[in-house]
Amino acid sequence: MGLWGEHVVPRLADAMLRGREIGELRGLACSSLSGRVLELGFGGGLNIRWYPPEVSEVVAVEPSDVGWGLSQRRRARTDLSISRGFLDGQHLAAPDGAFDAVLSTFTLCTIPDVSQALAEARRVLKSDGRFVFLEHGLAPTP
């Protein structure tokens, strides 16, 4: 990943994506989650405070040791079961239908093969599971 990707990007993302306005958007994105959740690009754990009580477990996909380390304080402040399960969202070593939801916030632009990662997210979702995402960019509707 290199010095920039491993050390600088996780810290920049954590600092730039934790403001009030973005927090409100995170809250909206997370509000419908329940059960066992796979979070793509867990980073510094900025979604932790927004997980509703209906979430029983979070399995994190986080390739950066620095990003995972940044989440330590946030993970320590919650009773929610959070584990670092995978390092690569393009190749998830989880059985089909293992998760009730997959969450991705400000992550898809960082994945080299986003089509493969989305296919994997679909595969590990239960048939009635939810894929929830919050990304930057223009959308045709709110």
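**Entry 1: ground rules**

Helices (H or I, at least four residues) and strands (E, at least two) are DSSP runs, numbered from the N terminus. I start there because the loop that holds threonine 107 is named by the elements on either side of it, E4 and H5. I also note that this is a predicted model.

**Entry 2: the sheet**

I looked up the strand order next. The sheet is open and has 5 strands, in the order E3-E2-E1-E4-E5, with parallel pairing. Why do strands E3 and E5 each have one side without a neighbour in the sheet? Strand E3 (81–86) and strand E5 (125–134) stand at the edges and have a single partner strand each, so one side of each stays free of a neighbour. Averaged over the sheet, neighbouring strands are turned by 25° against each other, direction ignored.

I then zoomed in on one pair. Strand E1 (residues 35–40) and strand E4 (residues 99–105) run parallel and are joined by 4 bridges. As background, strands of a sheet pair through backbone hydrogen bonds, either parallel or antiparallel. For glutamate 39, I find leucine 103 in E4 as the bridge partner.

**Entry 3: helices on the sheet**

Which strands does helix H5 touch? Helix H5 (residues 114–124) packs on the sheet and touches E1, E4 and E5. The direction of H5 makes about 140° with that of E5. Helix H2 (residues 20–30) lies across E4 and E5, and I get about 170° between H2 and E5.

**Entry 4: the loop between E4 and H5**

Two residues here caught my eye. Phenylalanine 106 sits in the loop between E4 and H5, and its phi is near 55°, a positive value in a residue other than glycine. Is phenylalanine 106 buried or exposed? Its relative accessible area is 15%, and buried means under 20%, so phenylalanine 106 is buried.

Threonine 107 is in the loop between E4 and H5 too. With 6% relative accessibility, threonine 107 counts as buried. Leaving out residues up to four places away in sequence, I find threonine 107 touching Leu40, Gly41 and Glu135.

**Entry 5: salt bridges**

How many salt bridges does the count come to? I get 8.

I followed aspartate 14 first. Its side chain meets that of arginine 18 in a salt bridge, 3.0 Å from N to O. Arginine 74 forms a salt bridge with aspartate 14 as well, with the closest N and O atoms 2.9 Å apart. That second pair links distant parts of the chain: arginine 74 is in helix H4 (residues 72–76), aspartate 14 is in helix H1, and they are 60 residues apart. Aspartate 14 counts as buried at 7% relative accessibility, and arginine 74 is buried at 14%.

For a second case I picked arginine 20 and glutamate 24. Their closest N and O atoms are 2.8 Å apart in a salt bridge. The two are 4 residues apart in helix H2, so about one helical turn separates them. Arginine 20 is exposed, with a relative accessible area of 65%, whereas glutamate 24 is partly exposed at 44%. Back to the earlier trio: salt bridges that share partners join Asp14, Arg18 and Arg74 into one network.

**Entry 6: surface check**

I looked for nonpolar residues on the outside. Trp4, Val9, Leu12 and Met16 form a nonpolar surface patch, and together they have about 420 Å² of accessible area. One of them, tryptophan 4, is in helix H1 (residues 2–16). Tryptophan 4 has 57% relative accessibility, and the cut-off for exposed is over 50%, so it counts as exposed.

**Entry 7: serine 56**

Last stop is serine 56, in strand E2 (residues 55–61). At 49% relative accessibility, serine 56 counts as partly exposed. What does serine 56 touch, not counting residues up to four places away in sequence? I find Gly35, Arg36, Leu80 and Ser81. I also took a distance to arginine 77, which is 21 residues away along the chain: the C-alpha atoms are separated by 16 Å.

Note on methods: Residues are numbered from 1 along each chain as its sequence is written. This is a predicted model: local features need pLDDT of at least 70, side-chain atom pairs count only at pLDDT 80 or more; totals for chains, interfaces and linings use all residues. Side-chain values use heavy atoms; hydrogens and water are left out. Patches are made of residues with over 30% relative accessible area and no salt bridge: like charges are joined within 9 Å, nonpolar side chains (Val, Leu, Ile, Met, Phe, Trp, Tyr) within 5 Å. Accessible areas come from the Shrake-Rupley method with a 1.4 Å probe; for residues, only the protein chains shown count as cover. A salt bridge is a side-chain nitrogen of Lys or Arg within 4 Å of a carboxyl oxygen of Asp or Glu. Buried means under 20% relative accessible area, exposed over 50%, partly exposed in between (1.4 Å probe, protein chains only). Two strands pair if DSSP finds at least two bridges between them. Axes are lines fitted to C-alpha atoms, for helices over the stretch in contact, and angles run from 0 to 180 degrees between N-to-C directions. Contact means heavy atoms within 4.5 Å.
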